[in-house]
Amino acid sequence: SQIAEAEVTAAEDGRKAARGHFLPKLRAEVDYTNLNKVPEIPIPEGIEASPFPIQFSAGDTEQLNVRATLEQPLFTGLALLTQYRVARLGTHTADLRQETTRQELILRAYEAYYGVLLAEKFMDVAEQAVAQLTSQAEVARQFYETGVTPKNEYLKVLVQLADTKHKRIIADYELGFARSRLRTLLRWDARQPLRLTEELVYRPYERSLDECIDVSFQHHPDILLAGLAIERASQGITGARSRYFPQISLIGGLTHEEGGFTEGEEIFSATIHAEWFVWEWGSNYYEVKQGKSRLLQSRARKTQTMDLTELGVREAYIALQSSREAIDVARVGVEQAEENYRITDEQFQESIATSQEVLDAQTGQSRAQVIYYEALNTYSIRVQTFDGITGYYEEQLTIHVLNQNEAPTDIGLSSNSVA
């Protein structure tokens with residue numbers, strides 16, 4: 001997102017700014033002075049140059065002083081190096097936060113993608129149910145007209161058919177809404193048709209729990225951020241200790257005066273400047289202690305983050321396994337429901353079963369199919385959510401569409417990037 005990108009840019013600018021402190025700094029100063037009278041320097045009586053007391057002017061009433069200095073740090077007790085390292089850690093932190101945002105966007109894309117696949121399956125189930133009930137209604141009409149069944153049996157089928165058509169309308173609306181959500185996420189032209197060619201199918205997840213935990217410890221952004229916090233706290237201790245040492249720098253200067261005592265002269269100078277705060281009432285000492293406490297705090301937070309991450313991986317893995325088992329159960333349920341409908345429909349054709357029994361069988365078949373596709377969708381999303389919890393997306397997601405000549409203009413979607 002733009003916020004994450006701006007944070008990365010700001011952190012990189014901070015690193016470059018810290019790098020500039022290693023280099024010499026050029027400073028220019030200009031002083032203009034206007035005096036109400038010309039200063040005079042008296043020469044006391046008795047000087048060999050003159051037996052009488054005399055005095056002479058020390059410049060003019062208007063004086064101009066121009067100075068240029070070039071200062072190069074020589075020794076700072078690792079203060080500048082520490083500042084640069086902290087700034088560089090800031091860039092790593094911004095990159096990890098951007099990675100977190102990217103993974104959240106990937107998960108949203110997966111949810112929207114599988115949402116469309118699920119809505120398409122619901123639409124197929126609704127279309128199949130309408131087709132089956134339309135055929136049954138025709139048979140029920142013929143049975144009624146020939147006096148085989150009473151009118152109410154025919155009316156039951158018509159009522160069920162109307163209800164199924166209403167459900168098909170709802171399924172069509174939900175499909176359109178799911179496609180609109182995916183279009184919005186991909187910044188796709190809403191005027192272009194969208195239909196995914198991929199099917200909602202089961203793909204086994206091969207990683208073991210221990211492998212997933214190891215991957216999460218290596219790639220999870222929260223753990224990596226906690227590690228950077230430890231490094232930043234350690235650098236803070238080094239920065240506080242740097243004030244125990246003198247700050248030494250080399251200063252080169254050039255001075256030019258007009259209207260002063262040294263009229264029109266240019267003076268070059270070279271200075272070794274050392275500054276050392278010998279006594280500060282223990283402030284440096286306590287800053288170092290504060291840094292050590294923050295280091296211990298950062299290490300404890302990383303341990304806590306790793307524990308919470310491992311717990312989250314275990315819970316997500318258990319949920320994933322339960323979703324896989326639910327798919328197996330739902331698949332058997334679909335097979336049984338389809339076979340039950342086939343047998344009941346044949347019995348209805350032979351006037352052995354009633355129309356109500358066929359309606360119940362068809363309703364059971366539709367419900368079993370919905371449960372199966374919902375289980376598939378839940379499992380597919382949990383796989384991607386699980387990858388997000390571990391901090392690493394392995395499988396690539398490619399979107400294939402029908403009746404679409406142009407690719408998404410502003411966004412690319414894969415397992416490693418959404419940009």
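Let me begin with a pair of helices in this predicted model: helix α3, which covers residues 151–186, packs with helix α7, which covers residues 355–390, at an angle of about 20°, and their axes are 9 Å apart. Because angles under 35 degrees count as roughly parallel, α3 is roughly parallel to α7. The contact between them is made by E153, K156, V157 and Q160 on the α3 side, and by S355, Q356, L359 and T363 on the α7 side. If we sort the residues of this contact by class, we find 2 nonpolar, 4 polar and 2 charged. As for the handedness, the crossing of α3 and α7 is right-handed.

You may wonder why I gave you those two values at the start. Two packed helices are described by the angle between their axes and the distance between the axes, and I will use that description again for two further pairs.

Before that, let me step back to the whole chain. How many helices and strands does the protein chain have? There are 7 helices and 6 strands, and when we read along the sequence they follow the pattern α-β-β-β-β-α-α-α-α-β-β-α-α. The protein chain has 419 residues, and buried residues make up 35% of them. If we take the contacts in the chain with a separation of 6 or more, 80% of them are accounted for by residues 24 or more positions apart.

Two pairs of residues illustrate such separations in sequence. E5, whose place is in helix α1, residues 2–20, is 96 residues from T101 in sequence, and yet the two are 9.9 Å apart in space, C-alpha to C-alpha. E120, which is found in helix α2, is 51 residues from A171 in sequence and 8.3 Å from A171 in space, again from C-alpha to C-alpha. Are these two glutamates, E5 and E120, buried or exposed? E5 has 46% relative accessibility, so this residue counts as partly exposed, whereas E120 has a relative accessible area of 7% and is therefore buried.

Now for the second pair of helices, α5 and α6. Their axes come within 8 Å and cross at roughly 170°, and since an angle over 145 degrees counts as roughly antiparallel, α5 and α6 are roughly antiparallel to each other. On the α5 side, the residues that meet α6 include D222, I223, A226 and G227, and further along A233, S234 and I237. On the α6 side, the residues of the contact include E287, V288 and G291, and further along T305, M306 and T309. By class, this contact has 10 nonpolar, 6 polar and 7 charged residues.

Let me turn next to helix α4, residues 209–219, where we can ask which residues are buried. They are C212, I213, V215 and S216. These buried residues cover an arc of only 165° around the axis, and therefore they lie on the same side of α4. On the other side of α4, D210 and Q218 are exposed. What do the buried residues of α4 pack against? They pack against three helices, namely α5 (221–241), α6 (283–349) and α7.

That brings us to the third pair, α4 and α7, whose axes come within 7 Å and cross at roughly 50°. With that angle, α4 and α7 are therefore oblique to each other. The contact is made by C212, V215, S216 and H219 of α4, together with F386, I389 and T390 of α7. By class, there are 4 nonpolar residues, 3 polar residues and no charged residues in this contact.

Finally, I would like to point out two residues in loops. L78 is not a glycine, although its phi is positive, at about 70°, and this leucine lies in the loop between β4 (62–75) and α2 (79–145). W281 likewise has a positive phi, of about 55°, although it is not a glycine, and this tryptophan lies in the loop between β6 (266–275) and α6. If you look at their accessibility, L78 has a relative accessible area of 47% and is therefore partly exposed, whereas W281, at 74% relative accessibility, counts as exposed.

Notes
Residues are numbered from 1 along each chain as its sequence is written. This is a predicted model: local features need pLDDT of at least 70, side-chain atom pairs count only at pLDDT 80 or more; totals for chains, interfaces and linings use all residues. Side-chain values use heavy atoms; hydrogens and water are left out. Axes are lines fitted to C-alpha atoms, for helices over the stretch in contact, and angles run from 0 to 180 degrees between N-to-C directions. Helices (H or I, at least four residues) and strands (E, at least two) are DSSP runs, numbered from the N terminus. Angles under 35 degrees count as roughly parallel, over 145 as roughly antiparallel, 65 to 115 as roughly perpendicular and the rest as oblique. A crossing is left-handed if the near helix is turned anticlockwise from the far one by less than a right angle, and right-handed if clockwise. Contact means heavy atoms within 4.5 Å. Ala, Val, Leu, Ile, Met, Phe, Trp, Tyr, Cys and Pro count as nonpolar, Asp, Glu, Lys and Arg as charged, and the others, Gly among them, as polar. Buried means under 20% relative accessible area, exposed over 50%, partly exposed in between (1.4 Å probe, protein chains only). The arc is that of the directions from the helix axis to the C-beta atoms.
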